[in-house]
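Subject: The structure I promised you

Hi,

Here is the protein I'd like you to look at. Have it open while you read, and I'll walk you through what turned up.

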Amino acid sequence: MLRKFVSLLTAILMTFSLCACSTDESVEETSSRSDEMNAIVVYYSATGNTEKVAQTISDHFDIPIYELEPVDPYSEEDINYSDEQSRISIEHEEHINGDLEVELTTTDFDEFSDADYIFLGAPVWWQELSWVVEDFVKENDFSDKTIIPFATSASSDFNLDNLTPLAANADWGEARRFSSNVDEDEIIEWLNELNLS
């Protein structure tokens with residue numbers, strides 16, 4: 001009787017052990033599948049709103065994130081839209097005339113060459129993705145890459161007219177605007193809808 005009980009107990013323990021092993025294998029398979037997506041996040045954030053979205057994307061996919069930093073950073077006064085003498089207002093006029101280039105500290109990021117997808121984010125300035133990102137787009141080769149643009153704005157929508165000519169060889173994904181106080185769940189819902197692999 002004792003021998004039968006020990007045999008039964010051994011069989012039960014072996015079953016649990018096999019189940020645990022198969023569970024571990026499925027976890028490993030899932031994580032390796034997520035590693036197959038080669039992507040990076042590149043963003044410029046003036047007030048921290050775009051940074052929040054960028055960080056959520058990076059955390060969700062577990063991918064590298066890089067911030068674009070102007071050599072001459074923007075202060076809070078610089079980005080005062082209502083002041084016609086603010087830096088951003090003056091630059092907007094220069095941008096319209098094609099006389100503006102915002103130099104960045106770097107446009108070269110280690111994982112860029114291997115990435116299939118580039119999440120590119122910035123605030124909306126005069127219905128465009130901020131011109132701060134233009135130097136990055138212009139200085140890199142986007143052949144065989146898909147750019148997925150995202151932006152933050154209190155209310156203004158945006159177009160990509162200032163960027164698409166700078167990376168004509170890129171595939172451009174559908175752009176997405178988020179409100180300045182976007183909820184993290186909304187960002188993750190969008191990411192899941194992209195069905196990237």
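A bit of vocabulary to begin with: a residue is called buried when its relative accessible area is under 20%, exposed when it is over 50%, and partly exposed in between. Take asparagine 195: its relative accessibility is 64%, so it counts as exposed. You'll find asparagine 195 in the segment after helix 5, which spans 184–194. Please also keep in mind that this is a predicted model.

Now the overall picture. The protein has 197 residues, and 39% of them count as buried. Its secondary structure comes to five helices and seven strands. Reading from the N terminus, the order of the elements is α-β-α-β-α-β-β-α-β-β-β-α. Among contacts with a separation of 6 or more, 75% are between residues 24 or more positions apart. The accessible surface is about 11,600 Å², and carbon and sulfur atoms account for 47% of that.

Next, the inside. The largest nonpolar core has 33 residues, and the ones that touch the most other members are Leu120, Leu129, Phe136 and Phe142. Strand 1 (39–43), strand 3, helix 4 (134–139) and strand 5 (146–152) each give two or more residues to this core. Strand 3 has the largest share, with five residues. There is also a second, separate core of 18 residues, including Met37, Ala39, Ile57 and Ile148.

It's worth clicking on leucine 129 to see who surrounds it. Leaving aside neighbours within four places in sequence, leucine 129 is in contact with a list of residues that includes Leu120, Ala122, Pro149, Phe150, Phe158 and Leu163.

Then there is the largest pocket, which holds about 230 Å³ of space. It is lined by 16 residues, and those closest to its centre are Thr47, Tyr81, Pro123, Val124 and Thr152. Which elements supply at least two residues each to this lining? They are helix 2 (49–61) and strand 3 (117–125). The largest share again belongs to strand 3, which provides three residues of the lining. Sorted by class, the lining has seven nonpolar and nine polar residues, with no charged ones.

Helix 3 covers residues 87–96, and Arg87, Ile88, Ser89, Glu91, His92 and His95 are buried there. What do the buried residues of helix 3 pack against? Their partners are strand 3, strand 4 and helix 4. After helix 3 comes glycine 98, with a positive phi near 75 degrees.

That brings me to backbone angles. Most residues other than glycine have a negative phi. Here are two residues to look at with that in mind. Glutamine 127 has a positive phi, near 60 degrees, and sits in the loop between strand 3 and strand 4 (128–129). Glutamine 127 has a relative accessibility of 41%, so it counts as partly exposed. The other is asparagine 195, which you met at the start: its phi is also positive, near 50 degrees.

Two last residues to find on screen:

- Serine 153 is in the loop between strand 5 and strand 6 (171–172). Is serine 153 buried or exposed? With 9% relative accessibility, it counts as buried. Not counting residues up to four places away in sequence, serine 153 touches Val124, Arg177, Phe178, Ser179 and Ser180. Serine 153 and valine 182 are 29 residues apart along the chain, and their C-alpha atoms are separated by 9.7 Å.
- Tryptophan 172 belongs to strand 6. Its relative accessibility is 23%, so tryptophan 172 counts as partly exposed. Setting aside residues up to four places away in sequence, tryptophan 172 touches Ile147, Pro149, Leu160, Leu163, Thr164 and Ala167. Between tryptophan 172 and lysine 145 there are 8.6 Å from C-alpha to C-alpha, while the two are 27 residues apart in sequence.

If you want somewhere to start, try strand 3: it gives five residues to the largest nonpolar core and three to the lining of the largest pocket.

Cheers

Technical notes: Residues are numbered from 1 along each chain as its sequence is written. This is a predicted model: local features need pLDDT of at least 70, side-chain atom pairs count only at pLDDT 80 or more; totals for chains, interfaces and linings use all residues. Side-chain values use heavy atoms; hydrogens and water are left out. On a 1 Å grid over the protein atoms alone, a cavity is a set of points where a 1.4 Å probe fits but cannot get out, and a pocket is an open set with protein on both sides within 12 Å along at least five of seven lines; lining residues have an atom within 4 Å of a point. Grid points are joined across faces, edges and corners, and a volume is the space filled by probe spheres set on the points. Helices (H or I, at least four residues) and strands (E, at least two) are DSSP runs, numbered from the N terminus. Ala, Val, Leu, Ile, Met, Phe, Trp, Tyr, Cys and Pro count as nonpolar, Asp, Glu, Lys and Arg as charged, and the others, Gly among them, as polar. A nonpolar core is a set of buried Ala, Val, Leu, Ile, Met, Phe, Trp, Tyr and Cys residues joined through side-chain atoms within 4.5 Å. Buried means under 20% relative accessible area, exposed over 50%, partly exposed in between (1.4 Å probe, protein chains only). Contact means heavy atoms within 4.5 Å. Accessible areas come from the Shrake-Rupley method with a 1.4 Å probe; for residues, only the protein chains shown count as cover.
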